[in-house]
Structure formats: structure tokens, C-alpha cells
Amino acid sequence: MSKTFYITTPIYYVNSHPHIGHAYTTIATDVFTRYRRLFGEEAYFLTGTDEHGQKIAESAAQAGIDPQEFVNRMAGEFREMWPPLHIAHDQFIRTTDPEHKSRVQAVLQKIHNQGEIYLKEYEGLYCVGCERFLDESELTPEGDCPDHQKPPQPHKERNYFFRMSAYQEWLVQLLEGNPELVYPGRYRNELLRFLEAPLQDLCISRPKSRLSWGIKLPFDRDFVTYVWFDALLNYPNALGWPDAPRYQKFWPHCHHIIGKDILKTHGIYWPCMLKSAGIPMFKKLVVHGHWVIGGSKMSKSLGNVVSPLDMKARLGVDALRYFLLREMSFGEDANFTEALALARYNGDLANNLGNLISRSITLSRRNFDGQVPPCGELTELETNLRREFTEGVGRVQELVLVFQPHRALELVTQLSSAVNKYIDEHKPWKLAKEPEQHELLGTVLYTALDSTRILVGLLQPVMPEKMAEAQRLFGMSEQPLAFEQLVPGALESGTPLPEPAPLFPKLQMPPTEPAPKPVKKQQPKPAPKQQADAVTSGNGIGMETFQQIRLKVGIVRKCRRVEKSDKLLVSQIDLGEGRLRSIVSGVAEFYTPEQMVGKRVVVVANLKPVKLRGELSEGMLLALDDGTTITVLEAAKTTAPGTPIR
Ligand SMILES: [Zn+2]
């Protein structure tokens, strides 16, 4: 019988538009789900939206519409966000669903019947942003709410309270006795530290006079439920608590994925609520850190949001998923910048994996009639690589199962580098020239293809569409490979290999980045290599367009560094025009000014002049860029300045 796995994202509060924080949690959850399925488990993935509460009521009023209409619109925005990010959830729950509402009321009634909910008059400091009373100890030294940077206001009202204080001892014992319950462990320690102070009872109602947009208390119609009490119950409710077969099947394997900002609600309130309601404890609370831009947390309250869809256009969906999972050490905060994303893309995907896929297929096609070559006798190099892969696949599985996707992906990249190194050691392009080495050539290329196929299988949960494409390049069906197939030697010799198209074309750094590689930076430019590949099979540019670009040979007469830039040089170039042109290029990491002087370079001569770092640039130099080194393109020593290139 296969193992069972239930995984949830938080339900997102529809007071704000979806941002990269939501996208990360949901993508990570999707990736964990797909990995569990790869490992043969039966997985169920829940996400949804949290739709009640004061802030929603206020936003709806501001928009001049009914709260239900407002939440319908916003829930739609979240729901539509996920499929284009290759997120395939099994269920989308909304807290305005009638089944959810009646189940929340059933839990409230049960706890009330047990005498664990009571009415009392309360006076305290209330933060509208948090929608709750704050304890003095939670405030900043200035007396502000730490999340909203505003002082909470004194407020007095009668409300219902959940006797959470009664569960303090029990909760401490639960956390101490179950080190696995909260991951990473430091969040368990944080909860235990919080529990060193007396646990307060939880206010679970709002008077309807103040807020009507919520689930009515079943035992007092003048009140609605506090939004967290409503929201947390979505997890068992979605499965059909208390007795649906799906609930019975999946609830015992429940894993909650959350961001660390909602640790307290999930690590303190939620276990107490479950205990009181007689619902078995979740299996694991898995906590991730925040994406940081310029030192502050990305959140709706601070307004510094980056739309994940913007990055999607730049990187492609699958590469964005890869970046998010690879870059964040799960549990810790991580930096999010476009430059980091592009560097990761070019390094891991374009130069390492993408290059491996394309060269192993191209060499095989060229030397073995367009087919997967036969595998001859294994030498020590193949045996070692196979062992590395067998161990590596097991290790990737272990790392995913303990919620360390960043380490799993790091290992996949290491394995990819190992195959590239293996190819470099055997030099199949040399073997191809020696007919007596044909069998060895087959073995080398077979081993390269077969190993790469395993990497594709391991990356399928992270990049489902790209890896389906990769499988097509290996002559296989697009169906995700089974885990049992991720063993060395399972690739079939003789399979026809279609002509490879680049899976991850190398990307340029954006012009807005402070330290670009500006050799190819300025606006109109002759198509660089990947674009050239793309246009030969697509529409291409017309000859007229190409002829508009004027290329000429120029001699560098003088050259110096651009102040405060370690990437840019500015050259004075003789194009035979009776004056020197000033041209800025991003080659300072590869050439000293002295080395540039005297070179006969290729210049795009009719570019509109621009200023780069305060320096005038009247054209651009062409250069070769292999991903690691930039080499300035040079004409023969005898060429006169101003000679046109056609
Ligand atoms: Zn607040």
C-alpha cells in the first residue's frame, strides 16, 4: 500500500493581491507534492483563501461593493494565479464556502458545550491591522505594533474567549516530547520560549455591531468569529471533517507549510484548538523564511512587493520555480533580486544542465545516426559515475523528505557538473576522430545521456514543463518518469534523438542592473547567438533590417577605466572619421586599458549615442561571450580603420 501525504498552504487573506511571498509558499508546496508522487506516495494538496474579517469589510466598503462580491473577485485572482505558475493543487477552499461555515460553527458549539468558551468584558490595546488585542509585551519600545508600526488603540468590549490558558502545560509537553513536530527546530524553540510566559486566553469573537463580515457564533448571534479561529479550521474542513473518507485517509498525514510570520497562530493557537475540538494533531508544521528586498520583509503592509509574474516573463515559469526553491535555504530568509535570479539561471540551468543536455544529444546524433548509442564495456570512470548517481538519487530523496529542497537541488547541480566533467575527461570529440575508439565513444555518450536522463527525472517536480520538453529531446514520452526508472542504465540504446533546441537559452543581465556586461548592452544589436538560433527556425529578421546595422573596424587609440565601475572601460576609437569616438564597453574584468590599446575592434557604428555611468558612448564593441569569459572580437592586423564589415 502506498504512503499517504497531505500538504497545505496557508489560506491567503484576500485583502491584498497575490505577491511573490504567496507564490513561493504555493510553489514550494506544489514541488513537495510532486516529489512525493515521484516517490510513489499518494499526495493531496490544499490551498485556498481566507475571506472574513475587518480588513476585508473595510476594503470592500472602500471599493464601494458588497464584501461577498469583493472576496469573489479577489479569490478569483488567487485561483487564476496558480495554473500559469504550473501549480496543480487538488482543492481550493474558501472560508465563505457554506460547508466550511457550518463546520466552523460545529467546532465552536462543541468547545462552548465543553465550557471552554466564556463571555467577559475586556479592555485592551487593539491593532486594527492585526485585528486583535495586543499584549503590552508585544509592542515596540515606542509602543507600536511591531508589524504595523502604529500604536494600537485602547478599546473596551464584551467578547467570547477560548480558555487557551488551560492548555499551556499540555502544549509545552507536546512540543518538548515531539522534536519533529515543528521544522526547522529553531521555530519549535521559539514557540517554547513564547510559552515561558503565561499563555493568555484567546478572544475569539467580534461584536456584530462592530463587524458583521464573519461566521456567526452558533450560541450568540450578536457576535461573529475571530478570523483566525475561522481560518485555521479550513485544514480539516476541506477534507470533510469529521467523518468523510478523505478526511480519515489524509488527516493523519497532515503537513502545514507556512511562512514564519504566522508561526504563533499555527504553533500556539492551532494545537490548542485541535486539542479542544478533539481533532488529532497535525503531523508537521513546516516553516519557511521570507523573501527580502532591500532589507525589509515583503508584505502587503509595507508595500514593497514584486510581482512574481514579472519574473515569470523574464525567466520562464519553470526557471522561476527553480530559482525560488534553490535560492532560499528553507527556513531562513533569502534575498530576491533580478540579478541573483539571472545569475542562478545562467549558472545552473543555461551553462550547466542546458549545456550538458545539448552537447550529449548533439554528439550522439552526429556520431550514431541520430540515435542513443550502444553502451559497451564500462571503465572505472563509468562505474564511478554510476555509483555517484545511485547514491545521489537516494540522497536527493532524503533531502526532499526532510524539507530541504535547496540542498536537494544543489546536489542535482553537482551531479550535472560531474557528468560535464566526465565528458571533458573522455573528450568524445577527439574519440570521434579515431575509428578504433568507436565503441568507447558509444559508451561515453550513452553514459552522458543516461545520467542526464536521471537528472531530468529528478528535476521534473520543480520544472514540470521544461523537463517534459527535455524528455522529448531524449526520444522519450513526456510522462513523468517513475522513481524506479531513475537508475543508471535504463536508457534504451537505439532510441531516435530529435534535433535539440536550447532548453535554457542564456539570458542577458537587464539594463537596469547597476553592473551590467554592457558589451552587448545597448539597444539595437546584431542578434546574439541564442537569438540567432531562435530566428533560423522562426520568422527571423529581414535582410533590410540587418543591412541597417553598420559594422566597421576601429583602432583603439586610448583607453581608461570608468570611475567607480569595475566592469566598464571607455575607449577612444579611430574609425577613420578624422576624430576619435568614445565607446564604453563592459570588458574591464577581462582586459586592462593597456591591453585594449592598439586592438582592431569591430564597432557597431550607427548606434544612437547614450550615456553610461556619466560617460558618452557612441557605438559598441562586439565581443564573444561564452558565459564565463568575454573576448573582444578583433580584425586582422593589416585592416585599415573604418573598413566596413558585411
Ligand atoms: Zn498590528
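This passage describes a three-stranded sheet and one helical residue in a predicted model.

The sheet is open, and its strands run in the order β10-β12-β11 with antiparallel pairing. Strands β10 (205-207) and β11 (216-217) stand at the edges. Each of these two has a single partner strand, so one side of each is left without a neighbour in the sheet. Strands of a sheet pair through backbone hydrogen bonds, and the pairing may be parallel or antiparallel.

Taking the two pairings in turn, β10 meets β12 in the antiparallel sense over three bridges. Proline 207 belongs to this contact, with phenylalanine 223 in β12 as its bridge partner. On the other side of the order, β11 pairs with β12 (residues 220-225), again antiparallel, over two bridges. Here lysine 216 is found opposite valine 224 of β12. The connection between β11 and β12 is a hairpin, which passes through two residues.

Attention now turns to a helix further along the chain, α14, which spans residues 380-401 and includes glutamine 397. Is glutamine 397 buried, exposed or partly exposed? There are 17 other C-beta atoms within 10 Å of glutamine 397. A buried residue would need 20 or more and an exposed one 12 or fewer, so glutamine 397 counts as partly exposed. Glutamine 397 can also be placed relative to leucine 458: the two are 61 residues apart in sequence, while their C-alpha atoms are 9.0 Å apart in space.

Notes
Residues numbered from 1 in each chain as written. Predicted model: local features only at pLDDT ≥ 70, side-chain atom pairs only at ≥ 80, totals over all residues. Pairing = 2+ DSSP bridges. Helix = DSSP H or I, 4+ residues; strand = E, 2+ residues; numbered from the N terminus.
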